Amino acid sequence: MKLPRRSAAPMGSWLLGTPDEGIRVQRIRVQSLLTVPLVVTNLLGILIVILLISVVVPGPSVLRSEFALLNFVVVPVYVVFALFVGVTWGTRRLVADLRWATEGRTPTEADRKAAFRAPGRLTRMQSTLWALGVLILTPLYGLVDIDVVPKVAFTIAFAGATACSFCYLFSEFALRPVAARALEVGGHRKLRTIGLTGRTVFAWLLGTGMPVVGLMTIAIFSFIRETSATSLAVSILAIGGASLCFGLLLILVSVRATAAPIRSVQQGMARVAEGDLAASVVVYDGTELGALQSGFNRMAEGLREREQIRDLFGRHVGRDVATNALARNPELGGEECDAAVLFVDIIGSTGLTAQRSPSDVVVLLNRFFSVVVEEVDRRGGFVNKFEGDGALAIFGAPVTVDDAAGHALAAARAIRERLAVDVPECEAGIGVAAGRVVAGNVGANERFEYTVIGDPVNEAARLSELAKSESGHLVASGRALDAAGPDERQHWTTTGETTLRGRTEPTLVAVPR
């Protein structure tokens, strides 16, 4: 069976690798993608604090000499401590919670829930450290100058919120391989994630809401303490520029996280449209988009099953009959039409079964029927029945063909020639007849089959019996010869009339020249 084909970046980015890579490589990849963005976002938050508190937010300066001990000793020590604790504590806790993924174990339901709560848990850890910074550093600065308390508290909180928001989005991105494994095992049931709405609101709050709150806070500061127009303009321009940059970056990250699952489904649908029903996508998103990915995989699986059933159906009843049945609702009954019938039956089948084991007989019959099916299909007919050691082929129903009798006669000659070469172990009597038949479905409403009924069917069966005693083992009726085109008719000659078993009227018999 053809294996599912996926895109070059099955999880939305080449940074995340592929689901089938080794556990050790995946563990290193996830650890790196968690640690590096965590350090970078926190350093970015510290840079924002420095810029806001020294240049942007109006109020008393904290760069005075009386703040030297805090600025050059206490703050750096806390920053190093927070970075160390945040990186080691945060990542270690995550690795411990996600050990099943790094060890290749099947996750339990608790493991699956922990996988989708991991970005939120890591973000809460970082928020705790930033909140401690506010609670520890603000009073220390207030002991030196009470007037700087609002300024210090606001800047640390603002920068912390920005850093933590990026921390959440980047950690969610880094943990896609883990989410993919969790979803692969347990499906998309009962997952507690923020969802598309929450992700969009989250991006708006951090990209637009926080900057607006910052501008409003600065305006409030200007009422409490008189601020120069230049200082106020600098603050507004700085926060406005920061909101443009960071807001755009935040929106881009959020949009890419939303677009990646949609793009994977789009690529999968393109492959299905090209006929690749083995296509599938990696399900890694815990939001509604993950349900979309799962839905695509279920759809592709249903199409594969449907195609398999169609293929089996065609093998059992014939491709033309299957196509006809799928195109319109099949009903009991039939319709009259002109058709040609070919009946082929092995000579001495009782002796073959007595001399060979059952498995050898099956192998021989399969070789025999392969020749019959190939030659009948090549000339536009279809094998309607396999009857023990014989086969019934029809030309002209259910699909109308020009010169059905000629095709049947040509197929009979080709079968005789190929059996002598490909299956010399057995000989077969072949009879061909043509005329008016009723073609349709026979049986009951719950179970029926397509067949043809009429005198030509019985005549072909009796002719095959007669052929077993003829030298060439192939005879046809005079009516079949008359109905055939001149190109095929020239290969045949009539030998006289005979009354076939079970019939009252004589039949004109024809044999190949």
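# Patches, cores and bridges in a predicted model

Biologist: This is a predicted model. Which residues form a nonpolar patch on the surface with about 440 Å² of accessible area together?
Modeller: The patch sits on the surface and is nonpolar. Its members share about 440 Å² of accessible area. They are Leu69, Phe72, Val73 and Val77.

Biologist: Take valine 73. Is this residue buried, partly exposed or exposed?
Modeller: Valine 73 has its place in helix H2, residues 68-97. Its relative accessibility is 41%. Buried would need under 20%, and exposed over 50%. So valine 73 counts as partly exposed.

Biologist: Let us step back. How many helices and strands does the protein have?
Modeller: The protein has 513 residues, and 44% of them count as buried. Its accessible surface comes to about 26,200 Å², with 60% belonging to carbon and sulfur atoms. The secondary structure comes to 16 helices and eight strands.

Biologist: Among contacts between residues at least 6 apart in sequence, what percentage join residues at least 24 apart?
Modeller: Start with the contacts between residues at least 6 apart in sequence. Then keep those that join residues at least 24 apart. The share is 73%.

Biologist: Now go inside. Which residues touch the most other members of the largest nonpolar core?
Modeller: This core holds 38 residues. Elements that give two or more residues to it include strand E1 (333-346), helix H12 (358-378) and strand E4 (428-443). A second, separate core has 23 residues, among them Ala118 and Val283. In the largest core, the residues touching the most other members are Leu342, Val344, Phe368, Val372, Phe395 and Val432.

Biologist: Which residues are in contact with valine 432, leaving aside its neighbours within four places in sequence?
Modeller: Valine 432 is one of the residues that touch the most other members of the core. Its neighbours within four places are set aside here. The contacts are Val341, Leu342, Ala408, Leu409, Ala412, Leu463, Val475, Ala476, Ser477 and Ala480.

Biologist: How many disulfides does a search of the whole structure find?
Modeller: A disulfide is a covalent bond between the sulfur atoms of two cysteines. Cysteine 167 is buried, at 4% relative accessibility. Its sulfur is 6.3 Å from the closest cysteine sulfur, in cysteine 164, which is too far for a bond. Across the whole structure, the number of disulfides found is zero.

Biologist: Which peptide bond is cis, with omega near 0°?
Modeller: Most peptide bonds are trans. This one ends at proline 398, found in the loop between E3 and H13. The cis bond runs from alanine 397 to proline 398.

Biologist: Aspartate 403 is not a glycine. What is its phi?
Modeller: Most residues other than glycine have a negative phi. Aspartate 403 lies in the loop between E3 and H13, and it is partly exposed at 31% relative accessible area. Its phi is positive, about 55°.

Biologist: And histidine 473: what is its phi?
Modeller: Histidine 473 lies in the loop between helix H14 (455-467) and E6. With a relative accessible area of 15%, histidine 473 is buried. Its phi is also positive, about 60°.

Biologist: The structure holds 16 salt bridges. How far apart in sequence are the parts tied together by arginine 418 and glutamate 374?
Modeller: The closest N and O atoms of arginine 418 and glutamate 374 are 2.7 Å apart. Arginine 418 lies in helix H13, and glutamate 374 lies in helix H12. So the pair ties together parts separated in sequence by 44 residues.

Biologist: Which residues are linked with Glu374 and Arg418 in a network of salt bridges?
Modeller: Arginine 418 is partly exposed at 22% relative accessibility. Glutamate 374 is partly exposed too, at 37%. Linked with them in the network are Glu375, Arg378, Arg379 and Asp422.

Biologist: Glutamate 459 and arginine 479 meet in a salt bridge. Is glutamate 459 buried or exposed?
Modeller: The N to O distance in this bridge is 3.0 Å. Arginine 479 is partly exposed, with a relative accessible area of 43%. Glutamate 459 has a relative accessibility of 2%, so it counts as buried.

Biologist: Where does arginine 501, the partner of glutamate 465, lie?
Modeller: The side chains of glutamate 465 and arginine 501 meet in a salt bridge of 2.7 Å, N to O. Arginine 501 is exposed, at 52% relative accessible area. Glutamate 465 is in helix H14, 36 residues away in sequence. Arginine 501 lies in the loop between strand E7 (492-498) and strand E8 (507-512).

Terms used:
Residues numbered from 1 in each chain as written. Predicted model: local features only at pLDDT ≥ 70, side-chain atom pairs only at ≥ 80, totals over all residues. Heavy atoms only, no water. Core = buried A, V, L, I, M, F, W, Y, C linked by side-chain atoms within 4.5 Å. Buried < 20%, exposed > 50% of the residue type's maximum accessible area, 1.4 Å probe, protein only. Helix = DSSP H or I, 4+ residues; strand = E, 2+ residues; numbered from the N terminus. Contact = heavy atoms within 4.5 Å. Patch = residues over 30% accessible without salt bridge, like charges linked within 9 Å, V, L, I, M, F, W, Y side chains within 5 Å. Areas by Shrake-Rupley, 256 points an atom, 1.4 Å probe, with all protein chains shown as cover. Salt bridge = Lys/Arg side-chain N within 4 Å of Asp/Glu carboxyl O. Disulfide = S-S within 2.5 Å.
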